[in-house]
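Visitor: I have a structure to look at and do not know how to read it. Could you take me through it?

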Amino acid sequence: MSEPAEKPVLLVTGGSRGIGCAVAVLAAQRGWRVAVNYAHDKQAAEQTVATIGEAGSEAFAVRADVASEADILAMFAAVDERWGRLDGLVNNAGVVDRSARVDEMSLERLERMFRINVTGAFLCAREAVKRMSTRHGGKGGAIVNLSSAAATLGAPGQYVDYAAAKGAIDTMTIGLAREVATEGIRVNAVRPGIIDTDIHASGGEPDRVAKMRDAVPMKREGSALEVAHAILYLLSEEASYSTGAILDATGGR
Ligand code: NAP
């Protein structure tokens, strides 16, 4: 009798809470082994790993601040050591900052915003391509990047820096998708709208979801699981002819 096929391996940055946690759990249910990255909240990451374990799948938590290249290299090395393969990356780790106008933004704020949300995603994509591209001896794979509806709306008076960082993610998605299209790697993005997670509170606006609900054509916020479904679709073979696509999950906004 032949051995059962080895399960594919997915790395989810910021997999400990919110959308990333929903992705990690749903991916495990769909047959992936999952590396759950976090930056600060080890307990939340361990909880996600435990949830996956209780469902009979394999996962482990790996700390890395995606603002640090050394941390990113160590994180990918940890996945290499643990499972010796990589089949998917969800570039999900991201932050917002306090609402501010551009004429109030400090250099430190801008550097942090772009370092985490853009440079971190680029460096993770680079490490994933090195492992998955047939050009480098890999077997192919899929990358899904987390953009935001803010990329198209601009977020005036709130966080134009965040919106611009997500605009960079859209452009990176299209460019990288075309760059590696013949190397077995598909690169797509999901652009969520108002999703019920802690990110709003971390930007100083815990009631943002309730405040914004009416601006959404569907008149409701989205859940992390609804975004995870979009991400899992793009990761899956069902999306085998989609690359460079940006899928809105915004309730029509
Ligand atoms: P969240 O609930 O605030 O969770 C953020 C996750 O990212 C946590 O797991 C956090 O881990 C991790 N993280 C933060 N900074 C990190 C860093 N420097 N290095 C590594 N991990 C880091 O956020 P979310 O709402 O799920 O958002 C996930 C993604 O979707 C983000 O890219 C966000 O921009 C995007 N998005 C969200 C919404 C929304 O309405 N929620 C809308 C559009 C786009 P620790 O707790 O350990 O720091």
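**Reading the model**

Guide: Start with one residue, Gly-18. Leaving aside residues up to four places away in sequence, Gly-18 touches Thr-197 and Ala-224. Keep in mind that this is a predicted model.

Visitor: Where does Gly-18 lie?

Guide: Gly-18 is in helix α1. Its relative accessible area is 33%, so Gly-18 is partly exposed.

Visitor: How far apart are Gly-18 and Asp-198, in sequence and in space?

Guide: In sequence, 180 residues separate them. In space, their C-alpha atoms are 6.8 Å apart.

Visitor: Now the nonpolar core. Which residues of the largest one touch the most other members?

Guide: Val-23, Val-34, Ile-231 and Leu-235 do, in a core of 33 residues. Six elements can be traced here: β1 (9–12), α1 (18–29), β2 (33–38), α2 (42–54), β5 (141–146) and α9 (224–235) each give two or more residues to this core.

Visitor: What does Ile-231 touch?

Guide: Beyond residues up to four places away in sequence, Ile-231 touches Ile-19, Val-23, Val-90, Val-144, Leu-146 and Val-190. There is also a second, separate core of 32 residues, with Ile-72, Phe-76, Ala-125 and Ala-128 among them.

Visitor: How many disulfides does the structure hold?

Guide: First the idea. A disulfide is a covalent bond between the sulfur atoms of two cysteines. This structure holds zero.

Visitor: Why is Cys-21 in no bond with Cys-124?

Guide: The closest cysteine sulfur to that of Cys-21 is in Cys-124, and at 18 Å it is too far for a bond. A disulfide needs the two sulfur atoms within 2.5 Å. Seen from the other end, Cys-124 is in no disulfide either, with the sulfur of Cys-21 as its nearest.

Visitor: Are these two cysteines buried or exposed?

Guide: Cys-21 has 21% relative accessibility, so it counts as partly exposed. Cys-124 is buried, at 0%.

Visitor: Last, the pockets. What is the volume of the largest one?

Guide: Again, the idea comes before the case. Rolling a probe the size of a water molecule over the atoms shows where empty space is left. Here the largest pocket has a volume of about 1,000 Å³.

Visitor: Which residues lie nearest its centre?

Guide: Ala-93, Gly-94, Val-95, Val-96 and Ile-199 do, out of 46 lining residues. Elements giving two or more residues to the lining include α4 (107–132), α6 (160–179) and α8 (208–212).

Visitor: How do the lining residues divide?

Guide: There are 22 nonpolar, 15 polar and nine charged residues in the lining of the largest pocket.

Terms used
Residues numbered from 1 in each chain as written. Predicted model: local features only at pLDDT ≥ 70, side-chain atom pairs only at ≥ 80, totals over all residues. Heavy atoms only, no water. Core = buried A, V, L, I, M, F, W, Y, C linked by side-chain atoms within 4.5 Å. Buried < 20%, exposed > 50% of the residue type's maximum accessible area, 1.4 Å probe, protein only. Helix = DSSP H or I, 4+ residues; strand = E, 2+ residues; numbered from the N terminus. Contact = heavy atoms within 4.5 Å. 1 Å grid on protein atoms, 1.4 Å probe; cavity = no way out; pocket = protein on both sides within 12 Å on 5 of 7 lines; lining within 4 Å. Points joined across faces, edges and corners; volume = space filled by probe spheres on them. Nonpolar A, V, L, I, M, F, W, Y, C, P; charged D, E, K, R; others polar.
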